[in-house]
Amino acid sequence: MLAELFAAAAHGCRDRSPLTQRLLTDAAEDLRQGGVTTRIMAGSERDREGSAPGLRFAGAVHRLVLEGRAPGLAKHYPSVGGQPNLPTLWEDALPVLEGHADVLRHRVHATVVQTNEPGRSAPLYGGLMVAAQEAAKAAHRHVPFCVRLLEVGASGGLNLRPHHVGYQLEDAVLGDPDSLLVLDPEWTGRPPADLGHRLRVVGRAGCDLNPVDVSTEDGRLHLSSFVWADQLVRWNRLRDALDLAATDPVRVDRAAGPEWLARQLGRAERDVLTVVWHSVVWQYVSPADRAMGRAVLADAAAKATPTTPLALLVFEPRRTDDDYRFELLLKLWPAGISLNLGHGAGHGTPFTWNVTPWE
Ligand SMILES: C[S@@+](CC[C@H](N)C(=O)[O-])C[C@H]1O[C@@H](n2cnc3c(N)ncnc32)[C@H](O)[C@@H]1O
């Protein structure tokens, strides 16, 4: 039942977004009573939990606020300068839901929940530094390889410019200190690499089944609407990443990962390390696509040479006894290196560097 899915989604926001938790709790009750939320969610009654109907609803409401079409509700939304007053949230939400029920129903149907977390650039940056230097060592070179970055499931491509982001450590800034996006990576330990070297990225490309064009207002709003409005650190990070993207556009191709990778890996560039990267994508990929992706990579790995090396770098969740752990994993060919570089929070920060073999 939809009301139960909304209640479960509300529970999922506990301790993280009191605003979204309150909105979804009251919307769940409204669904039970047959109120306006029932009309907005008409046609979604049989939605599966995985399609996150509650978060689609919350995102559609947030988008109205961001578009300036819900001034009576905006005062609760920190993303537009408001301050939540949870006891009065629902009474202020009701006129907005009533007044925009058709728009909201359309949005809830037409969109999937989609995010792009720029904080993941921090483990990516460290992982690329390790990969470029390990590949060079294996090829008996003194200078780290230049990198060609290929991202599968890139969403809006916000992690396709890791060398243009600043990473503020306690004693230094890595990357670009003058960047519009400066992250606090909250690292415990350091990447096992000489961080004094510059990361040289000579090529970037990304694909996604549903690419988000962040050069458009619609694309920016789409990604912004799914960031919970009271998570200001995340909100500000996304805003800065979108501003950075506007100064340094990278296209994300509409394509399924394996076919796209096969095309990209068909040509290897001499003296360049090609890195295939994906973060929080694997769980969404069908079994057939997973098998094909593995085959495409194995084929490219078999052709890698010391002057045209290949890396796989991923940041993906692994189930633990009672939760998930997001791990950064690296494989390098032909060096035959396979490392678990560490683990961190799902949004990329904080992160603990702790190198062990990747079995
Ligand atoms: C949770 S988002 C992560 C986006 C981005 N990698 C990040 O870390 O912020 C997952 C993305 O994977 C994309 N995706 C899922 N399956 C895919 C596939 N088979 N090929 C390409 N992209 C896929 C989705 O469209 C979505 O944009």
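# Salt bridges, domain contact and three strand residues

Asp-102 is exposed, because its relative accessible area of 54% is over the 50% limit. The model in which Asp-102 is seen here is a predicted one. Asp-102 forms a salt bridge with Arg-105, and the closest N and O atoms of this pair are 3.2 Å apart. Both residues belong to helix α7 (residues 101-110), where they are 3 residues apart, about one turn of the helix. Arg-105 is partly exposed, with a relative accessible area of 27%. A separate group of charged residues, made up of Arg-63, Glu-67, Arg-69, Arg-107 and Asp-218, is joined into one network by salt bridges that share partners.

## Other salt bridges

The structure holds 23 salt bridges. Three of them are listed below with the distance between their closest N and O atoms.

| Acidic residue | Basic residue | Closest N and O atoms |
|---|---|---|
| Asp-26 | Arg-22 | 2.8 Å |
| Asp-102 | Arg-105 | 3.2 Å |
| Asp-92 | Lys-75 | 3.5 Å |

The salt bridge of Asp-92 with Lys-75 joins a helix to a loop: Asp-92 lies in helix α6 (residues 86-99), while Lys-75 lies in the loop between α5 (71-74) and α6, so the pair ties together parts that are 17 residues apart in sequence. Asp-92 has a relative accessible area of 17% and is therefore buried. Lys-75, at 47% relative accessibility, counts as partly exposed.

The pair of Asp-26 and Arg-22 is placed within one helix. These two residues are 4 residues apart in helix α2, so about one helical turn separates them. Asp-26 counts as buried at 16% relative accessibility, whereas Arg-22 counts as partly exposed at 30%.

## Contact between the domains

The domain assignment gives domain 1 (2-110) and domain 2 (118-213 + 222-357). Their C-alpha centres lie 33 Å apart. The size of an interface is often given as the accessible area lost when the parts come together. Between domain 1 and domain 2 about 1100 Å² is buried, and carbon and sulfur atoms account for 68% of that area. In terms of residues, 16 from domain 1 are in contact with 11 from domain 2.

What kinds of polar pairing occur across the interface of domain 1 and domain 2? The rule finds 0 salt bridges there, but 6 residue pairs are in polar contact between domain 1 and domain 2. On the side of domain 1 that touches domain 2, α2 (18-33) and α4 (53-66) each supply at least two residues. α4 gives the most to that side, with 6 residues. Sorted by class, the side of domain 1 that touches domain 2 has 7 nonpolar, 6 polar and 3 charged residues.

## Three residues in strands

Gly-206, His-278 and Gln-168 are taken in turn, each with its strand, its accessibility and its contacts beyond four places in sequence.

Gly-206 sits in strand β6 (residues 201-208). Its relative accessibility is 0%, so Gly-206 counts as buried. Beyond its neighbours up to four places away in sequence, Gly-206 touches Glu-151, Ala-154, Leu-160, Arg-251, Val-252, Asp-253 and Trp-260. Gly-206 and Gly-346 are separated by 140 residues in sequence and by 21 Å in space, C-alpha to C-alpha.

His-278 is part of strand β8 (residues 272-279). With 12% relative accessibility, His-278 counts as buried, because the limit is under 20%. When neighbours within four places in sequence are left aside, the contacts of His-278 are Val-152, Leu-312, Leu-313, Val-314, Phe-315 and Glu-316.

Is Gln-168 buried, partly exposed or exposed? At 39% relative accessibility, Gln-168 counts as partly exposed. Gln-168 lies in strand β2 (residues 166-168). Not counting residues up to four places away in sequence, Gln-168 touches Val-173, Val-182, Leu-183, Asp-184 and Pro-185. From Gln-168 to Cys-146 the C-alpha to C-alpha distance is 23 Å, and the two residues are 22 residues apart in sequence.

Notes:
Residues numbered from 1 in each chain as written. Predicted model: local features only at pLDDT ≥ 70, side-chain atom pairs only at ≥ 80, totals over all residues. Heavy atoms only, no water. Domains from an automatic or database assignment. Contact = heavy atoms within 4.5 Å. Buried area = accessible area lost by both parts, 1.4 Å probe. Salt bridge = Lys/Arg side-chain N within 4 Å of Asp/Glu carboxyl O. Polar contact = N/O pair within 3.5 Å; in protein donor to acceptor, adjacent residues only side chain to side chain. Nonpolar A, V, L, I, M, F, W, Y, C, P; charged D, E, K, R; others polar. Buried < 20%, exposed > 50% of the residue type's maximum accessible area, 1.4 Å probe, protein only.
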